[in-house]
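Hi,

Here's the structure I said I'd pass on. Have a look, and my notes are underneath.

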Amino acid sequence: MKNYSVAVLSGDGIGPEVMEVTLPILETVGKKFGFSFTFSHAPVGGIAIDTKGKALPDETVEICRGSQAILFGSVGGPKWESLPPNEQPERAALLPIRKIFGLYANLRPAICYAQLIHASPIKNEFIPQGFDVLVVRELTGGIYFGKPKETVQTETGERAVDTMVYTTEEITRITHIAFKAAQKRRKLLHLIDKANVLETSILWRKTVKAIAAQYPDVTLQFMYVDNAAMQVAKSPTQFDVMLCENMFGDIISDEIAAVTGSLGMLPSSSLAEGSFGLYEPSGGTAPDIAGKGIANPIAQILSAALMLRYSFQEETAALAIEGAVKKTIEQGYRTGDIYTEGMKKVGTKEIGQIILQNL
Ligand code: NAD
């Protein structure tokens, strides 16, 4: 029997609660489709600061290195917000993990189920069937990492510089990921850029256009990021796959997540070359509801499905989890964040149990 090794980094806040219901779902789907898991738990984030003295302890990195994928909860919370910025959980754990493991491709599906359109801030008549968009964001290049990056004293005050840099190679590898994803979906790819102003965007357009010839079944369109921000808020149904450089993707993926209306439903995957990846909910540690047993575990469960798809090539098992989630929503079960009158209100463990039964 195939066995997959997974580093389980639950983190803080609702992280451990949603992880607790996700692992049995993975084990069940494994039994159904003939594979098993070895889960190695390791501390990360605030809990790691408290117990090991830093947000990303060396032992945790070693456990991740020895695994085929990382299933991540989320990190941070008010307790650690007074620490220096570089020591705070998100910055001191997630950014280094991305760098250490070369996680250059961030795939964030934003799905608004037809049954949950009431949660979207968009007028429901514009999204009668909901929507399903995949944001593919470049994660290790661009303005967040380009050099020079500095603040220097001047005669009149200070001068700060960030630098946006991209190479053909960086653009090429993520573009193939976006085209391949589009081929499995509705075969439409939008490159989101600012090619009327930025040199890097001109290189993105040139590179993506050249690669498009290898994917004749996918329609390629270009859209300026300012327009895209408006279109996401007006009519997200027009998009299938949105390919973005790092900063544009950061903003667009959060915007479209907000437009779905239910942060607790959205998974995310960050992929390296080969099959290694990190899988996590799009939301944070939700300190306002942590410890109450009411968090929505679906984002974490769907992140586990993405892990099966991208790291283990277990597409049928991934679809089975996604199908069980969909069925649970269709049956009317809702955690508080997506609840409306007349539906069946359930807590974290209950909804996990129902998804498990639907598997
Ligand atoms: P958040 O996503 O934690 O919460 C925003 C709102 O969404 C809250 O009302 C919360 O209750 C709700 N929410 C989020 N996930 C939910 C779920 N699964 N079920 C039900 N409701 C859910 O964002 P925030 O409040 O800006 O951040 C809180 C902490 O999380 C901060 O310390 C922040 O740094 C951290 N954070 C971590 C990550 C990460 O680990 N990747 C990402 C974002 C924020």
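Let's begin at the ligand: one of its nitrogen atoms has a polar side-chain atom of Glu-280 at 3.3 Å. By the way, this is a predicted model, so please read everything below as computed from it. On the oxygen side, an N or O atom in the side chain of Thr-285 sits 3.1 Å from a ligand oxygen. Asp-288 does something similar, with a side-chain N or O atom 2.9 Å from an oxygen atom of the ligand. As for how much gets covered, the ligand has 810 Å² of accessible area on its own, and the protein covers 69% of that.

Who else is around it? The ligand is surrounded by 21 residues, and Asp-288 turns up again among the closest, together with Val-75, Glu-90, Gly-284 and Ala-286. Sorted by class, that shell holds eight nonpolar and eight polar residues, plus five charged ones.

Now the helices. Two packed helices are described by the angle between their axes and the distance between the axes, and I've noted three pairs in that way.

Take H9 (residues 298-310) and H10 to start with: their axes come within 7 Å and cross at roughly 160°. With angles over 145 degrees counted as roughly antiparallel, that makes H9 roughly antiparallel to H10. Their crossing is left-handed.

H10 (residues 315-330) has another partner in H11 (residues 348-358), where the axes come within 8 Å and the crossing angle is roughly 120°. H10 and H11 are therefore oblique to each other, and this crossing is right-handed.

The remaining pair is H5 (residues 168-183) and H6 (residues 199-212), with axes that come within 10 Å and cross at roughly 50°. So H5 is oblique to H6. Here too the handedness is easy to state: H5 passes H6 in a right-handed crossing.

Finally, a couple of backbone details to look at in your viewer. Most residues other than glycine have a negative phi, and most peptide bonds are trans. Against that background, which two residues does a cis peptide bond join? They are Lys-147 and Pro-148, with omega at about 5°. Pro-148 belongs to strand E6, which covers residues 146-153.

The other detail is Lys-187, a residue other than glycine that has a positive phi, near 65°. You'll find Lys-187 in the loop that runs between H5 and strand E8 (188-193).

That's what I have for now. Shout if anything is unclear.

Cheers

Technical notes: Residues numbered from 1 in each chain as written. Predicted model: local features only at pLDDT ≥ 70, side-chain atom pairs only at ≥ 80, totals over all residues. Heavy atoms only, no water. Near = heavy atom within 4 Å. Polar contact = N/O pair within 3.5 Å; in protein donor to acceptor, adjacent residues only side chain to side chain. Areas by Shrake-Rupley, 256 points an atom, 1.4 Å probe, with all protein chains shown as cover. Nonpolar A, V, L, I, M, F, W, Y, C, P; charged D, E, K, R; others polar. Axes fitted to C-alpha atoms, helices over the stretch in contact; angles between N-to-C directions. Helix = DSSP H or I, 4+ residues; strand = E, 2+ residues; numbered from the N terminus. Parallel < 35°, antiparallel > 145°, perpendicular 65-115°, else oblique. Left-handed = near helix turned anticlockwise from the far one by under 90°.
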